[in-house]
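Below are my notes on the model, set out as numbered points. Please read them alongside the sequence and the coordinates.

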Amino acid sequence: MTKVPTNPELASPERWLDEHGDALYSYAYLRLRDRDAAEDLVQETLLGALRTQQGFAGQSSERTWLIGILKHKLIDYWRRLARQPAETPVGDDTDDDLLERVFDARDRDHWRTDPSPWRDPDAALQQQQFWQVLTDCIAALPAAQARAFSLCEIEGTDGGEACKVLGVASTNLWVMLHRARLRLRQCLENHWFEREPTR
């Protein structure tokens, strides 16, 4: 077998999994909430990196370069899912119940209970515990909502590109994001802000 030449700007490919595997898996799992899919994408990322390593110019860290490859793999994965028959609707009765419990339609759709104040969001973002709670909350979202939220709010993809990746109209994307934010708000209320659920 022909040995692939290595890029002197990079560590040996044999070390990539040990040095970056956990970070790549966490990055993928946060966005996919599917352990098998996350593992597959990490594997695809490392294989892709092996094939394209000669193009690495050392202008970023090795991990940043690998995550950049992983981002493209994620987009390709979501595009493949979009071409498959939808497994879940945009929303369901649970969303309708949540909307009714959270908003008071008689009072110009105002919150029934104001959202909890976030006293120090910068500090929270530095806490591993917060990210675990957020990951669990995203994992509890319906699949379509989780993909829309991950793509737009975590990856920072703009709405037009997100619609193309997910294969949905802009109205559907807005509805998915709105319902995802409501569910996440409720989940964080329960598991991070330590408040009783809104009734």
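1. Arg 15 has a relative accessible area of 45% and is therefore partly exposed. The model is a predicted one, and in it the side chain of Arg 15 makes a salt bridge with that of Glu 19, at 2.5 Å from N to O. Glu 19 is partly exposed as well, because its relative accessibility is 31%. Both residues belong to helix α1, where four residues, about one turn of the helix, separate them.

2. How many salt bridges does a search of the whole structure find? The search gives five. Among them is the pair Arg 15 and Glu 19 just described, and two others are taken up in the next points.

3. Arg 31 and Glu 155 form a salt bridge in which the closest N and O atoms are 2.3 Å apart. The pair links distant parts of the chain, with the two positions 124 residues apart: Arg 31 is in helix α1, while Glu 155 sits in the loop between α7 (143-154) and α8 (159-166). Are the two partners buried or exposed? Both Arg 31 and Glu 155 are buried.

4. Glu 161 and Arg 79 also meet through their side chains in a salt bridge, with an N to O distance of 3.0 Å. Glu 161 is in helix α8 and Arg 79 in helix α3 (residues 62-82), so this contact ties together parts 82 residues apart in sequence. Glu 161 counts as partly exposed because its relative accessibility is 28%. Arg 79, at 31% relative accessibility, is likewise classed as partly exposed.

5. On the overall layout, the protein chain has nine helices and two strands. Read from the N terminus, the order of elements is α-α-α-α-β-β-α-α-α-α-α. Of the 199 residues in the protein chain, 41% are buried.

6. Which cysteines form a disulfide? Cys 137 and Cys 187 do, with their sulfur atoms 2.0 Å apart. Cys 137 is in helix α6 (residues 128-139) and Cys 187 in helix α9 (residues 170-191), so the link ties together parts of the chain that are 50 residues apart in sequence. The angle about the S-S bond is -80°, and the link between Cys 137 and Cys 187 is left-handed. A search of the whole structure finds one disulfide.

7. Both ends of that link can be checked for burial. Cys 137 has a relative accessible area of 3% and is therefore buried. Cys 187 is at 16% relative accessibility, and since buried means under 20%, this residue counts as buried too.

8. Cys 152 takes part in no disulfide, and the nearest cysteine sulfur, which belongs to Cys 163, is 7.5 Å away. A disulfide needs sulfur atoms within 2.5 Å, so the 7.5 Å between Cys 152 and Cys 163 does not qualify. Cys 152 is buried, because its relative accessibility is 12%. Cys 163 is in no disulfide either; its nearest cysteine sulfur is that of Cys 152. At 12% relative accessibility, Cys 163 is also classed as buried.

9. The loop between α1 and α2 deserves a look at the backbone. Arg 33 lies in this loop and has a positive phi of about 50°, although it is not a glycine. Most residues other than glycine have a negative phi. Arg 33 counts as partly exposed because its relative accessibility is 24%.

10. Asp 34 is in the loop between α1 (13-32) and α2 (35-52). At 31% relative accessibility it is partly exposed. Which residues gather with Asp 34 in a patch of negative charge on the surface? They are Asp 36, Glu 39 and Asp 40.

11. Gln 129 lies in helix α6 and counts as exposed, because its relative accessibility is 54%. Gln 129 and Trp 192 are 63 residues apart in sequence, and their C-alpha atoms are 9.1 Å apart in space.

Terms used. Residues are numbered from 1 along each chain as its sequence is written. This is a predicted model: local features need pLDDT of at least 70, side-chain atom pairs count only at pLDDT 80 or more; totals for chains, interfaces and linings use all residues. Side-chain values use heavy atoms; hydrogens and water are left out. Patches are made of residues with over 30% relative accessible area and no salt bridge: like charges are joined within 9 Å, nonpolar side chains (Val, Leu, Ile, Met, Phe, Trp, Tyr) within 5 Å. Accessible areas come from the Shrake-Rupley method with a 1.4 Å probe; for residues, only the protein chains shown count as cover. A salt bridge is a side-chain nitrogen of Lys or Arg within 4 Å of a carboxyl oxygen of Asp or Glu. Lys and Arg count as positive and Asp and Glu as negative; His and the chain ends are not counted. The place of a charge is taken as NZ of Lys, CZ of Arg, CG of Asp or CD of Glu. Buried means under 20% relative accessible area, exposed over 50%, partly exposed in between (1.4 Å probe, protein chains only).
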